[in-house]
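The following note sets out, in numbered points, what may be read from the model shown below. Each point takes up one part of the chain and is best followed with the structure in view.

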Amino acid sequence: MANVVVLMPGEALQLPNNEALLTPGKELVLGPGLRRDDGGTVVATKAGVLRRREPNVYWIDSHQKRYVPVRGEMVIGIVTAKSIDLFKVDIGCSEHANLSYLAFEGATKRNRPNLQVGDLVFTRLLVANKDMEPEVVCVDSAGRANGLGQLSGDGFLIHTSLEFCRRLLTPGCPLIASLSAVCPCEITVGLNGRVWLRAQALRPAAVAAALLERSNCIETEQMNSQLHNLTDCLANF
């Protein structure tokens, strides 16, 4: 799509081939911000920019920070409380999520994870229902940690928009590739608008974290100038 299409809530999806896409036998995949009404018309549920991915995947990009849990998504949570058999974790939605002591690789009743209030955990949403409390786990479908678990060490937690996190997770994201070349660091991206960053030295990590925060509201093409500024800052250390 060459032109930028901005939709408001309740506005119908207007495309030259809209009728063809809605014809039976044609697969149309709707992402966040779009839904099909009773008449078969695709309408927007939130304001934002219409995006498309081949062949027929459409969604709405918007500067949204409130997270709505979706089953299977990876999110970064903050431990807020602990009880006999579970942790309470803040994942940025309206309710805190439950994290069982046994939802870790190799965890047993005797071998429990040593998490404290305030610790960060990278988790996967197991239960995401509007009528139930969210539930997260630190293992994949095979019972392996596979990168999930406590985010330990000195790092920076950055709060960004949900759209920016999706951009960072796009395969071949130029910002991640260029940032890793200029300042080698470990980056964990949660789809709930949180990014955790850690580098070998504190100052380069702080500069890289500031770059990510400043890149939140700019397009991908404008990130090159930000990377040049990062290079200049790191050269002074």
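1. A convenient starting place is the pairing of two strands: Lys 82 stands opposite Phe 87, which belongs to β8. The model is a predicted one. The strands concerned, β7 and β8, are antiparallel and are paired over four bridges. A further bridge partnership here is that of Ala 81 with Lys 88 in β8. A hairpin of three residues joins β7 to β8.

2. On its other pairing, β8 is joined to β9 in the antiparallel sense, again over four bridges. Phe 87 stands opposite Leu 99 in β9. The hairpin of β8 and β9 has six residues between the strands, and in it Gly 92 takes a positive phi near 90 degrees.

3. The two faces of β8 deserve attention. In a regular strand, side chains alternate between the two faces of the sheet. In β8, Phe 87 and Val 89 form the covered face, whereas Leu 86, Lys 88 and Asp 90 form the uncovered one.

4. Strand β7 also pairs with β10: five bridges join the two, which run antiparallel. One of the partnerships is that of Met 74 with Arg 124 in β10.

5. Which aromatic rings form a pair in this structure? A search of the whole structure finds one aromatic pair. The rings are those of Phe 87 and Tyr 101; their centres are 4.4 Å apart and their planes meet at 45 degrees, so the pair is described as tilted. The cut-offs explain the term: planes under 30 degrees apart count as stacked and those over 60 as edge-to-face, the rest being tilted. The pair links distant parts of the chain, since Phe 87 lies in strand β8 and Tyr 101 in the loop between β9 and β10, 14 residues apart.

6. The surroundings of this pair can be described further. Phe 87 and Tyr 101 are both buried. Over the ring of Tyr 101 sits the charged end of Arg 112, at 4.6 Å from the ring centre.

7. The largest nonpolar core has 27 residues, and those touching the most other members are Tyr 67, Phe 87, Ile 91, Leu 99, Phe 104 and Leu 115. Two or more residues come from each of β7, β8, β9, β10 and β11. The largest share, four residues, is that of β10.

8. What does Ile 91 contact, leaving aside its neighbours within four places in sequence? Its contacts include Tyr 67, Pro 69, Val 75, Ile 76 and Gly 77. Also among them are Ala 97, Leu 125 and Pro 134, together with Asn 192 and Arg 194. Another core lies apart from the largest one; it has 17 residues, among them Cys 165, Leu 168, Ala 208 and Leu 211.

9. An open sheet of three strands has the order β13-β15-β14 and antiparallel pairing. At its edges stand β13 and β14, each with a single partner strand, so one side of each is left without a neighbour in the sheet. On average, and with direction ignored, neighbouring strands here are turned by 20 degrees against each other. Helix α4 (residues 202-214) packs on this sheet, where the helix touches β13 and β15; its direction makes about 5 degrees with that of β13. Between β14 and β15 there are six bridges, and Val 189 stands opposite Val 195 in β15.

10. A further open sheet has four strands in the order β1-β5-β6-β2, with mixed pairing. Its edge strands, β1 and β2, each pair on one side only. Strands β5 and β6 are antiparallel and paired over five bridges; in this pairing, the partner of Leu 50 is Ile 60 in β6.

11. Is Asn 146 buried or exposed? With a relative accessibility of 64%, Asn 146 counts as exposed; the cut-off for that term is over 50%. Asn 146 is placed in the loop between β11 and β12. Although not a glycine, Asn 146 has a positive phi of about 50 degrees.

12. Finally, the chain may be viewed as a whole. The chain has five helices and 15 strands. Of its 237 residues, 40% count as buried. Among contacts between residues at least 6 apart in sequence, 60% join residues at least 24 apart.

Definitions and conventions. Residues numbered from 1 in each chain as written. Predicted model: local features only at pLDDT ≥ 70, side-chain atom pairs only at ≥ 80, totals over all residues. Heavy atoms only, no water. Phe/Tyr/Trp six-rings, centres within 6.5 Å; stacked < 30°, edge-to-face > 60°. Buried < 20%, exposed > 50% of the residue type's maximum accessible area, 1.4 Å probe, protein only. Lys NZ or Arg CZ within 6 Å of the ring centre and 35° of its normal. Core = buried A, V, L, I, M, F, W, Y, C linked by side-chain atoms within 4.5 Å. Contact = heavy atoms within 4.5 Å. Pairing = 2+ DSSP bridges. Axes fitted to C-alpha atoms, helices over the stretch in contact; angles between N-to-C directions.
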